[in-house]
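Here are my notes on the model you sent over. Have it open while you read, and shout if anything looks off.

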Amino acid sequence: VHTLGERVSDWDDQRVAYAAKNVNSGSRHFDGKRRVNVMLVSGSQPMPCDKPKGDFFILKTLKNKVDYCSLHSIDIFYNMAQLNTRMQKFWSKLPLLHTLMLSHPDVEWFWWMDSDAFFTDMKFELPIEKYANYNMVVHGWYKDVYEDKNWVGLNTGSFLIRNCQWSLDLLDAWAPYGQSGKAQVAAGRLFANYLHGRLAFEGDDQSALVYLLISQRQKWAEKTFLESTYFLHGYWVILVDDFEKMMERYHPGLGDERWPFVTHFVGCKPCHGNYGSYPMDRCAKQMERAFNFADNQVLQTYGYVHPNLSTHSVEVDTPKATNVGREKVRG
Ligand code: UDP
Ligand code: MN
């Protein structure tokens, strides 16, 4: 028995059979074209946070995801259950994705997003056709992964994985490094030796993916797309100070450094403040700003806006007089 339970080896055939039997399930547009089914998946621990405001931040990141998904008709599944006692914390996404794949043969892509990541461009959409020949899409860079063997050459806080046999096999190959106890400790040492810039802390899913891509390159690399033309994952430290500049100069829908798609609070631990790599007050302040930056894009459709990014209060959104004037001149 594998880490993730009984092995399934004919999943592609099973999905084809399912699709044949369910031609009228919601997988088509009104015009009869096949719709690519995407499900956003996220989750957080089953217990309350240690930090008093941790659950409030988790609620805000969840509201932000719900908003994005309803705007773009994407299904969302949020998990708070411990599905596999041997794979905990950041590893829990693996058994979760495995379970969801087998229960949703109609879903083509699963999109994992960490609880500590916000959508900051509510208009941008995944260029899903671009990934037709791939089974996994991760934010990262070819050189950093394959040449520099850097453990931060990609980020597993927001990635796409296709519902297919290849992905089930990848999850089976990936999972053993995350089994709590000896295996995870040994994995941590292995990654520290093998990967650039990584210390010998317990095995993490990100290092494990980098390790697999390099050490079993012929198996996994060809179908894994490293995306860097927009922020499928965006490191918060390089983005949050520029929100005002972005609002002045640009507009939602760009997804890149002009208006980042996702802002991920890597190393901030709003739930367990003490393990973080950044001071909690800096994290809290910037998470609030990222939330409000995104929330403005939602509220403005209802005629409201946060007067600045640091306040939860709102006011009626009156289009700036100068802008109106300019429009009139042009008209
Ligand atoms: N997570 C989960 N269940 C848990 C603990 C964590 O689903 O019991 C998820 C949660 O979405 C979290 C992710 O695992 O965002 C990865 O952990 P974290 O964001 O703390 O890691 P970092 O991005 O800081 O490296
Ligand atoms: Mn994270």
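The points below take the ligand site and then the nonpolar cores.

1. A caveat before the details: this is a predicted model, so everything here is computed from predicted coordinates.

2. Start with the surroundings of ligand 1. There are 14 residues around it, and the ones that come nearest are Gly-43, Ser-115, Asp-116, His-264 and Lys-269. By character, that shell splits into seven polar, four charged and three nonpolar residues.

3. Now the polar contacts made by oxygen atoms of the ligand. With Gly-43 the partner is a polar backbone atom, 2.6 Å from an oxygen of ligand 1. Asp-116 uses its side chain instead: a polar atom there sits 2.9 Å from a ligand oxygen. For Asp-114, a side-chain N or O atom is 3.1 Å from an oxygen atom of ligand 1. As for cover, ligand 1 on its own exposes 540 Å², and the protein buries 79% of that.

4. Away from the ligand, have a look at the largest nonpolar core, which has 44 residues. Phe-110, Leu-170 and Trp-174 have the most contacts inside it. Helix α7, residues 205-215, gives the most to this core, with seven residues.

5. Which residues does Phe-110 touch, leaving aside those up to four places away in sequence? The list runs Met-39, Val-41, Leu-97, Leu-100, Met-101, His-104, Phe-159, Leu-160, Ile-161 and Asn-163, so to speak a good set to click through in the viewer.

6. Finally, another core lies apart from the largest one. This one has 24 residues, among them Leu-126, Leu-160, Tyr-230 and Val-298.

How values were computed. Residues numbered from 1 in each chain as written. Chains lettered and ligands numbered in written order. Predicted model: local features only at pLDDT ≥ 70, side-chain atom pairs only at ≥ 80, totals over all residues. Heavy atoms only, no water. Near = heavy atom within 4 Å. Polar contact = N/O pair within 3.5 Å; in protein donor to acceptor, adjacent residues only side chain to side chain. Areas by Shrake-Rupley, 256 points an atom, 1.4 Å probe, with all protein chains shown as cover. Nonpolar A, V, L, I, M, F, W, Y, C, P; charged D, E, K, R; others polar. Core = buried A, V, L, I, M, F, W, Y, C linked by side-chain atoms within 4.5 Å. Buried < 20%, exposed > 50% of the residue type's maximum accessible area, 1.4 Å probe, protein only. Helix = DSSP H or I, 4+ residues; strand = E, 2+ residues; numbered from the N terminus. Contact = heavy atoms within 4.5 Å.
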